[in-house]
Amino acid sequence: MQTADRIGASPLTRSGKALPPNALLLNCFGRGGSSIVWNIIGSSPDVLMPKYEWHVGVFGRFYKLRKAACRIGGAVNWASVPVFWRHMRAATADTVLPGERNEKPQARYVVLKVMDYYIAFDDAIARGFMEARNLVLTRHPLPMCEGLIRSGLSEASAIKWYNDVTSLMFKASRKRDALSLRFENLIQSPDAFVRSLYDALGIAAAEDGKIRFKVKSFGTARKANTDAATGEKLRIKLDEASDHIAPDVNTRAVARLDRSARQRIWEGTRATAELFDYGGDNF
């Protein structure tokens with residue numbers, strides 16, 4: 001795990017709101033199963049879960065500021081700027097609901113959803129904690145790019161997005177104690193995925209055996225990124241997870257691409273996809 005400076009690892013932020021000493025950084029794509037995995041981890045009594053994704057908590061809802069941060073995130077060594085990573089820790093603390101702290105007073109971790117280009121800030125985030133562990137959630141490029149295209153990106157932009165973010169994920173996956181996760185394993189066997197994940201992280205399941213789950217629109221029913229913020233929040237039993245996760249979600253996404261698009265996307269993403277051992281058809 002990455003170790004923070006003692007000064008920056010104080011258990012209190014400037015706002016006086018407590019955070020656990022350790023962080024789990026869920027490096028992920030938007031539209032790549034991240035909400036499911038984030039909620040699964042945050043269901044543990046050992047883990048606090050913020051209300052918002054990391055970038056929303058830190059940069060707020062100012063789109064231009066977030067966009068600028070993405071552009072320079074990889075070009076600046078933010079880990080060497082104490083005022084920035086201390087702000088990030090304080091902003092993160094502010095997004096954790098009081099109910100989380102009341103229900104989980106012994107939590108050892110906070111799980112941060114660090115999406116897409118914001119993965120470039122991983123090292124700076126880690127400076128605010130005693131230890132930070134990277135969890136890298138990957139997805140095959142064909143269904144991933146199909147989702148990005150349906151979100152409004154051009155095919156070329158989706159390919160570039162996939163390559164850029166997967167390259168950041170690969171760097172994160174090479175860090176000490178990093179844990180690589182596959183969206184494909186999640187949809188194939190949700191209960192086995194959850195048990196394996198909890199074991200790997202050394203965290204306990206909720207006392208009632210349930211996990212948090214947000215039911216959202218998927219496939220052709222989900223046409224805009226704004227849909228990601230909607231959905232009914234549930235607590236479901238682990239063996240009910242398969243009722244809410246379609247095992248064929250990837251194959252249905254790929255089927256929405258014509259043959260030439262599939263070929264162009266694979267040719268454009270192959271080099272980065274193979275970093276995580278994806279082939280042209282193992283989706």
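The paragraphs below lead through this structure from its overall make-up to a few chosen places.

The model is predicted, and for that reason local features need pLDDT of at least 70 and side-chain atom pairs count only at pLDDT 80 or more, while totals for chains, interfaces and linings use all residues. Residues are numbered from 1 along each chain as its sequence is written, and side-chain values use heavy atoms, with hydrogens and water left out.

The secondary structure of the protein comes to 12 helices and eight strands, where helices (H or I, at least four residues) and strands (E, at least two) are DSSP runs, numbered from the N terminus. Of the 283 residues, 51% count as buried, a word that here stands for under 20% relative accessible area, with exposed meaning over 50% and partly exposed lying in between (1.4 Å probe, protein chains only). A contact means heavy atoms within 4.5 Å. Among the contacts in the protein with a separation of 6 or more, 81% are made by residues 24 or more positions apart.

A good place to begin is strand β2 (residues 22-28), which contains N27. N27 has a relative accessible area of 0%, and is therefore buried. Not counting residues up to four places away in sequence, N27 touches V114, I119, D122, N134, L135, V136, L137, M169 and A172.

Following the chain onwards, the loop between β2 and α1 (34-42) holds G30, which is buried because its relative accessible area is 13%. If neighbours within four places in sequence are set aside, G30 is in contact with M115, D116 and M144. The C-alpha atoms of G30 and M144 are separated by 9.1 Å, although these residues are 114 residues apart along the chain. Helix α1 then includes S34, another buried residue, with a relative accessible area of 4%. Leaving aside neighbours within four places in sequence, S34 is in contact with L26, C28, F29, K113 and L137. Between the C-alpha atoms of S34 and L137, which are 103 residues apart along the chain, the separation is 7.3 Å.

The residue K113 leads on to the salt bridges, each of which is a side-chain nitrogen of Lys or Arg within 4 Å of a carboxyl oxygen of Asp or Glu. By this rule the count comes to 13 salt bridges. One of them joins K113 to E53, with the closest N and O atoms 3.4 Å apart. Why does this pair tie together parts that are 60 residues apart in sequence? K113 lies in strand β4 (residues 109-115), whereas E53 lies in the loop between β3 (47-48) and α2, so the salt bridge ties these two parts together. K113 counts as buried because its relative accessibility is 5%, while E53, with a relative accessible area of 22%, is partly exposed.

Another salt bridge is found between K160 and D164, whose closest N and O atoms are 2.6 Å apart. These two residues are four residues apart in helix α8, so about one helical turn separates them. D164 counts as partly exposed, at 24% relative accessibility. There is also a network of salt bridges that links E100, K104 and R212.

E53 also appears in the lining of the largest cavity, together with P50, Y52, W54, G57, T92, T95 and L112. The elements that give two or more residues to this lining are α2 (54-59) and α4 (82-95). A cavity is found on a 1 Å grid over the protein atoms alone, as a set of points where a 1.4 Å probe fits but cannot get out, and lining residues have an atom within 4 Å of a point. Grid points are joined across faces, edges and corners, and a volume is the space filled by probe spheres set on the points. The structure holds one cavity of 30 Å³ or more, and about 40 Å³ of space lies in the largest cavity.

The last stop is helix α12 (residues 259-273), which bends by about 40 degrees at E267, the bend being the angle between axes fitted to the seven residues ending at a residue and the seven starting there. Its buried residues are A261, I265, W266, T269, T272 and A273, and what covers them includes α7 (141-150) and α8 (155-173). The side chains of R270 and E274 meet in a salt bridge, at 2.8 Å from N to O. R270 is partly exposed, with a relative accessible area of 44%, and E274 also counts as partly exposed, at 38% relative accessibility.

Methods
1 Å grid on protein atoms, 1.4 Å probe; cavity = no way out; pocket = protein on both sides within 12 Å on 5 of 7 lines; lining within 4 Å.
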